[in-house]
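Here are a few exercises to work through with the model open in your viewer. Try each task before you read its solution.

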Amino acid sequence: MPAYVVVEIAVHDVQTYERYRQLAPPSIARYGGRYLVRGGATEALEGTWQPPRFVILEFPNVEQARSWWSSPEYAAAKALRHASAHTMMLLMDGLPRDEGLPVVAGVSTLAP
C-alpha cells in the first residue's frame with residue numbers, strides 16, 4: 001500500500017535550504033520515493049490555510065518512508081532542513097492500488 005509524506009515548510013534561510021533541495025532528491029529516490037508536489041502555488045478551497053511551501057512525497061509503503069526519513073543517506077539533508085526551515089511533516093497510509101474505486105475520466109469518484 002503506498003504511503004505519503006506530507007510536508008508544510010516555512011523557509012527562513014533560503015541559501016541553506018537550496019542546499020537541502022539539492023541533497024534530498026537522491027535519498028528519496030533510493031528508498032523508492034518520488035515527489036508528487038514540490039512547492040508551487042496553493043489555493044485554499046476551504047478555511048484559511050496558506051502554507052508557505054508544500055511538498056507531497058509518495059513511497060511504496062510506510063516502512064520505506066520511515067526508512068528514508070531515518071536513513072544515513074537523508075541525515076545531512078535533514079540537518080540542513082532543520083537549520084533553514086520550520087517544518088510540519090506527516091506520514092500517512094494511502095489506499096491500496098487495487099482498491100477498486102470507480103474512476104471517471106481518470107479521476108476517482110471518492111469524495112474528500
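**Exercise 1. Which residue forms a salt bridge with Arg30, and how far apart are the closest N and O atoms?**

Some ground rules before we start: this is a predicted model, where local features need pLDDT of at least 70, side-chain atom pairs count only at pLDDT 80 or more, and totals for chains, interfaces and linings use all residues. Residues are numbered from 1 along each chain as its sequence is written, and side-chain values use heavy atoms, with hydrogens and water left out.

Step 1: fix the cut-off. A salt bridge is a side-chain nitrogen of Lys or Arg within 4 Å of a carboxyl oxygen of Asp or Glu.

Step 2: find the partner. Arg30 pairs with Glu73, with the closest N and O atoms 3.2 Å apart.

Step 3: place the two ends. The pair ties together distant parts of the chain, with Arg30 in helix H1 and Glu73 in helix H3, 43 residues apart. Helices (H or I, at least four residues) and strands (E, at least two) are DSSP runs, numbered from the N terminus.

Step 4: check exposure (buried is under 20% relative accessible area, exposed over 50%, partly exposed in between, with a 1.4 Å probe and protein chains only). Arg30 is exposed at 60%, while Glu73 is partly exposed at 30%.

**Exercise 2. Find the salt bridge of Glu18 and say how its residues sit in the helix.**

Step 1: Glu18 bridges to Arg21, the closest N and O atoms being 3.5 Å apart.

Step 2: the two are three residues apart in helix H1, so about one helical turn separates them. In general, an α-helix has 3.6 residues a turn, so residues three or four places apart point the same way.

Step 3: Glu18 is partly exposed, at 37%, and Arg21 is partly exposed too, at 29%.

**Exercise 3. Work out the strand order of the sheet and its edges.**

Step 1: apply the pairing rule, which is that DSSP finds at least two bridges between two strands. That gives an open sheet of four strands in the order S2-S3-S1-S4, with antiparallel pairing.

Step 2: spot the edges. S2 (34-38) and S4 (85-93) each have a single partner strand, so one side of each lacks a neighbour in the sheet.

Step 3: go through the pairs. S1 (residues 3-11) and S4 share nine bridges, with Val6 opposite Leu90. S1 and S3 share seven, with Val5 opposite Leu57. S2 and S3 share four, and here Val37 faces Ile56.

Step 4: look at S3. Six of its seven residues are buried, so S3 is largely enclosed by the rest of the structure.

**Exercise 4. Compare the ends of the salt bridge between S2 and S3.**

Step 1: Arg34 and Glu58 meet at 2.7 Å, N to O.

Step 2: Arg34 belongs to strand S2 and Glu58 to strand S3, 24 residues apart.

Step 3: Arg34 counts as partly exposed at 47%, whereas Glu58 is buried at 6%.

**Exercise 5. Describe the largest nonpolar core.**

Step 1: define it as a set of buried Ala, Val, Leu, Ile, Met, Phe, Trp, Tyr and Cys residues joined through side-chain atoms within 4.5 Å.

Step 2: the largest one has 17 residues, and those with the most contacts inside it are Val5, Tyr20, Leu57, Phe59 and Trp68.

Step 3: S1, H1, S3, helix H2 (62-69) and H3 each give two or more residues to this core. H1 gives the most, with four residues.
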